[in-house]
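Here's a quick walk through one model, written for someone who likes to start from the numbers. Have a look at the sequence and the fold before reading on.

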Amino acid sequence: MPIEILMPFYGDPDVFHEAVRSVLAQEDPHWRLLVVDDCYPDYSPEQWLADLADDRIGYVRNERNLGLNRSFQRCVDLATHDWITIMGNDDRLLPTYVGRVRAAIAAHPGAALVQPGVEVIDAAGRVTLPLADRIKAHYRPDVTTTTVLGGEDLTRSLLRGNWAYFPSICWRRELVAAHGFDPELGVVLDLALMLDLIADGGTMVLDPVPSFQYRRHEGSVSAWTAQDGSRFVEEKTVLLRAAATVEALGWKRAGRAARWHLSSRLNAMTRLPAALRSGRRVDVRSLLRHVFSNRLPA
């Protein structure tokens with residue numbers, strides 16, 4: 001049972017090469033890699049991949065630029081194997097990633113997704129732990145061995161603070177295909193999908209041992225959308241929708257966590273000084289609305 005790694009590509013070729021080489025360096029050879037080129041203006045990535053001469057690597061170029069969200073869905077549509085990872089083209093696998101994920105699936109074949117342990121790296125590839133990831137670590141369940149999580153406890157945990165790392169997750173393809181990524185979401189679409197799967201009875205296997213390196217840098221979509229406040233409009237939409245869903249299931253504690261969304265409000269509050277310095281009143285208003293209001297903007 002190979003792990004199918006799907007890699008949307010549009011970005012720095014150098015870090016893309018790092019990402020692909022990290023797949024090639026896997027100790028467990030049971031993987032397939034499909035690079036989905038979102039119309040990057042330089043055609044050299046295709047030739048570079050062909051020169052690797054590894055029949056486990058495939059390449060597809062979109063007919064037009066789809067953007068990040070629709071590229072994720074395109075990856076799901078192209079996938080053919082039972083378990084898939086939608087890896088960032090600037091992230092890196094540690095050599096044990098495929099082996100540990102496959103072992104987790106073998107031990108818990110009914111799970112909906114596997115969240116491996118994650119190290120954070122900076123733009124230069126050095127291991128780091130910035131504030132955002134220290135907060136994630138605070139909210140992540142404290143487990144010392146591979147553990148199955150689900151139901152209200154997992155939902156409440158993610159709603160208090162989304163501690164998962166989307167590019168590292170290995171998903172059961174049939175479940176992701178059945179739900180799909182919400183085309184209206186651009187940043188927290190992974191949280192929305194996880195919440196949907198858990199509400200349907202899906203479980204997560206959490207492995208505490210790091211086997212994935214997530215690159216954190218200010219050029220990311222999540223970083224710049226947090227600066228202008230648009231991320232938080234999207235977050236509030238997902239969280240309030242989740243509150244209604246989990247309350248209908250009788251999950252009152254999870255519902256309260258969704259409606260309070262304290263960590264999300266605090267994150268918006270930390271962005272206020274930069275917004276004030278920029279003089280952009282619309283950004284300031286958007287951030288203040290997220291911090292103090294429990295309603296969506298009209």
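What follows goes from the whole chain to one strand and its partners.

Bear in mind that this is a predicted model. The chain has 298 residues, and 51% of them count as buried. Its secondary structure adds up to 13 helices and ten strands. If you look at contacts with a separation of 6 or more, 81% of them come from residues 24 or more positions apart. As for the surface, the accessible area is about 13,800 Å², with 53% of that belonging to carbon and sulfur atoms.

Now for strand β1, which covers residues 3–9. Seven of its seven residues are buried, so the rest of the structure largely encloses this strand. The side chains split between two directions: I3, I5, M7 and F9 go one way, while E4, L6 and P8 go the other, and all are buried. So which strands does β1 pair with? The table has two of them, β2 and β4.

| Partner of β1 | Residues | Sense | Bridges | Opposite residues |
|---|---|---|---|---|
| β2 | 31–37 | parallel | seven bridges | I5 and L33 |
| β4 | 83–86 | parallel | four bridges | I3 and W83 |

In words, I5 of β1 sits opposite L33 in β2. To get from β1 to β2, the chain runs through helix α1 (residues 13–24), and this β-α-β crossover is right-handed. Over on the β4 pairing, I3 is opposite W83. Both I3 and I5 belong to the set that points one way from β1.

Definitions and conventions:
Residues are numbered from 1 along each chain as its sequence is written. This is a predicted model: local features need pLDDT of at least 70, side-chain atom pairs count only at pLDDT 80 or more; totals for chains, interfaces and linings use all residues. Side-chain values use heavy atoms; hydrogens and water are left out. Buried means under 20% relative accessible area, exposed over 50%, partly exposed in between (1.4 Å probe, protein chains only). Two strands pair if DSSP finds at least two bridges between them. A crossover is right-handed if, with the strands pointing away from the viewer, the path from the first strand over the helix to the second runs clockwise. Contact means heavy atoms within 4.5 Å. Accessible areas come from the Shrake-Rupley method with a 1.4 Å probe; for residues, only the protein chains shown count as cover.
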